[in-house]
Amino acid sequence: MMDCNKKVKTLCPSGSLMFNNWQEAHYGSKHSKNANGFHLEFQKEWFDTNGIDLNLLEGSQLIQNPQVHFLFAKLYYEFINSDQYSELTVEVLLLQISEALGDLIETNIKNVPN
């Protein structure tokens with residue numbers, strides 16, 4: 001599958017995790033009949049409630065970090081196998097994902113040469 005926005009087209013092989021900020025218009029192309037996945041969209045109020053800086057998570061990028069992949073796998077599992085604790089579990093996983101993405105993006109910014 002290919003994730004496309006105004007600036008770049010990114011090849012997303014099976015198992016890929018793509019981050020797109022809500023401000024980035026994007027679309028997927030070349031869908032496979034066997035492709036599966038899910039789209040997760042945060043509301044601004046959720047970030048405000050949890051004290052997360054929206055400006056930290058900007059742009060679009062392919063996420064290669066295994067920790068973030070694992071958190072999304074746990075989230076997906078929770079959606080498929082929900083129980084009486086799922087609401088709390090999903091909330092905790094979303095906070096962990098936000099923290100991990102923020103850490104990943106901060107690390108990328110610090111490692112950019114001047």
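Helices (H or I, at least four residues) and strands (E, at least two) are DSSP runs, numbered from the N terminus. The views below show a predicted model, in which local features need pLDDT of at least 70 and side-chain atom pairs count only at pLDDT 80 or more, while totals for chains, interfaces and linings use all residues. Residues are numbered from 1 along each chain as its sequence is written, and side-chain values use heavy atoms, with hydrogens and water left out.

**View 1. The largest nonpolar core.** This core has 16 residues, of which I63, V68, F72, L75, I97 and L101 touch the most other members. At least two core residues come from each of β3 (17-20), α1 (44-49), α2 (66-80) and α3 (86-110). Helix α3 gives the largest share, 7 residues. A nonpolar core is here a set of buried Ala, Val, Leu, Ile, Met, Phe, Trp, Tyr and Cys residues joined through side-chain atoms within 4.5 Å; buried means under 20% relative accessible area, exposed over 50%, and partly exposed in between (1.4 Å probe, protein chains only). When residues up to four places away in sequence are not counted, F72 touches L17, F38, L40 and I97; contact means heavy atoms within 4.5 Å.

**View 2. F19 in strand β3.** F19 lies in strand β3 and counts as buried because its relative accessibility is 14%. Its C-alpha is 6.7 Å from that of I63, although the two residues are 44 residues apart in sequence.

**View 3. F38 and a nonpolar surface patch.** F38 is placed in the loop between β4 (26-29) and α1. Because its relative accessibility is 35%, F38 counts as partly exposed. Together with Y76, F79 and I80, F38 makes a nonpolar surface patch of about 390 Å². Such patches are made of residues with over 30% relative accessible area and no salt bridge, with nonpolar side chains (Val, Leu, Ile, Met, Phe, Trp, Tyr) joined within 5 Å and like charges within 9 Å.

**View 4. E78 in helix α2.** Helix α2 contains E78, which is buried yet has no salt bridge (a side-chain nitrogen of Lys or Arg within 4 Å of a carboxyl oxygen of Asp or Glu). The nearest side chain of opposite charge, K74, is 8.6 Å away from E78. Apart from neighbours within four places in sequence, E78 contacts D83, S86, T89 and V90.

**View 5. S98 in helix α3.** S98 belongs to helix α3 and is buried, with a relative accessible area of 6%. Setting aside neighbours within four places in sequence, the contacts of S98 are F42, W46 and I52.

Key
Lys, Arg positive; Asp, Glu negative; His and termini not counted. Areas by Shrake-Rupley, 256 points an atom, 1.4 Å probe, with all protein chains shown as cover.
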